[in-house]
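Reader: Please take one part of this model and go through it closely. I would like the sheet, the helix that lies across it and the surroundings of the ligand treated together.

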Amino acid sequence: MTSAARLRASPGGRPSGGTTSARSQSGKAPIASSHALVLQGVSRAFGALRAVDDVSLEVAAGEKYAVLGSNGAGKTTLFNTITGDFPPTSGRIEFFGEDITLLSPHERIRKGLRRTYQSSLLFRDLSVRDNLFLAVRGVASGRFSIWRPSASHSSRRATDDLLDRVRLTHIADQPVASLAHGQQRQLEIGMALAGAPRLILFDEPAAGLSPAERRELVLLLQSLPSHMSFVIIEHDLDIALRVSERVTVMHNGRVLRTGTPSEIENDAQVQAIYMGGRH
Ligand SMILES: Nc1ncnc2c1ncn2[C@@H]1O[C@H](COP(=O)(O)OP(=O)(O)OP(=O)(O)O)[C@@H](O)[C@H]1O
Ligand SMILES: [Mg+2]
């Protein structure tokens, strides 16, 4: 599909998240915990390059949020500042009202933050079930007691629930290497769902998927619990606008626009950048 066709595609009419800012003019007031995520003036430099440049945004608890932008706009780097893989060089990040700017990635995971990566990190020689089991055990408390029967029993039950949630039960015992690309992406989402996350960052989950696999992905994203927030980076505007309630468009590391899917779809500057972008 061309970028222009994607822009014309229907956003699917989900309601707006309708969040309001709890920040004072100084930007230093406490943030209401109804926000899952608050970024205040977040920047990340690599040498002279400001890959993320003074980005502020807010994601409400339960809100489904999309980040769009051309290649190199800074979307993945923004995710890296949120997860702590590459912490911000300046600015502040709050997760459910708590300052997490300087926490390690592992501490952020313990607080209920998850992500999927642009390139797959699955164990290809292990089965679907074993990949999910490892994700469940990895986020469970007392994970060093992996062989204790009771702990292992509840983890197996959680694994079966996740298999069901991402509709992979029928191929649970197949090695990941034998899966179609779309099934691998479903599995990655299942792994991100382990341990009842409060917010998941999805980095281009539809990349490389067939049209049928994209439809399956949209259904999966739309079936996530209403209390769970997510932020999705997605080049396919049709998908991004359909699954999200609010959208931020990035350009050259900065926020170009934030709005509802229909506001973004009809924005002339966004259209110009997307049609001129590399897709
Ligand atoms: N670890 C790094 N070291 C140096 N430069 C980096 C690093 N990570 C990203 N960059 C640079 O930061 C800029 C933004 O990259 P980023 O990967 O965040 O873009 P993106 O919006 O995710 O792009 P894409 O749509 O292609 O995935 C690019 O110029 C990139 O080369
Ligand atoms: Mg990226």
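**The sheet, helix α2 and ligand 1**

Author: The model is predicted. Strand β6 and strand β7, the latter covering residues 199–203, are parallel partners joined over 3 bridges. Within this pair, Arg115 is found opposite Leu201 of β7. In general, the strands of a sheet are paired by backbone hydrogen bonds, and the pairing is either parallel or antiparallel.

The pair belongs to an open sheet of 6 strands, whose order is β6-β7-β8-β3-β9-β10 and whose pairing is mixed. At the edges are β6 (113–115) and β10 (254–259), each of which pairs on one side only. From one strand to the next, the twist averages 20 degrees.

Next comes the helix. Helix α2, made of residues 75–83, lies across five named strands of the model: β3 (64–68), β6, β7, β8 (229–233) and β9 (246–251). Relative to β7, helix α2 runs at about 150 degrees.

Helix α2 also takes part in the surroundings of the ligand. Around ligand 1 are Phe46, Leu49, Ala51, Gly69, Asn71, Gly72, Ala73, Gly74, Lys75, Thr76, Thr77 and Gln118. Two or more residues of this shell come from each of β2 (49–60) and α2. The element that gives the most is α2, with 3 residues. Sorted by class, the shell around ligand 1 holds 7 polar, 4 nonpolar and 1 charged residues.

Taken together, helix α2 lies across strands including β6 and β7, and α2 gives the most to the shell around ligand 1.

Conventions:
Residues numbered from 1 in each chain as written. Chains lettered and ligands numbered in written order. Predicted model: local features only at pLDDT ≥ 70, side-chain atom pairs only at ≥ 80, totals over all residues. Pairing = 2+ DSSP bridges. Helix = DSSP H or I, 4+ residues; strand = E, 2+ residues; numbered from the N terminus. Axes fitted to C-alpha atoms, helices over the stretch in contact; angles between N-to-C directions. Contact = placed C-beta atoms within 7 Å. Near = placed C-beta within 6 Å. Nonpolar A, V, L, I, M, F, W, Y, C, P; charged D, E, K, R; others polar.
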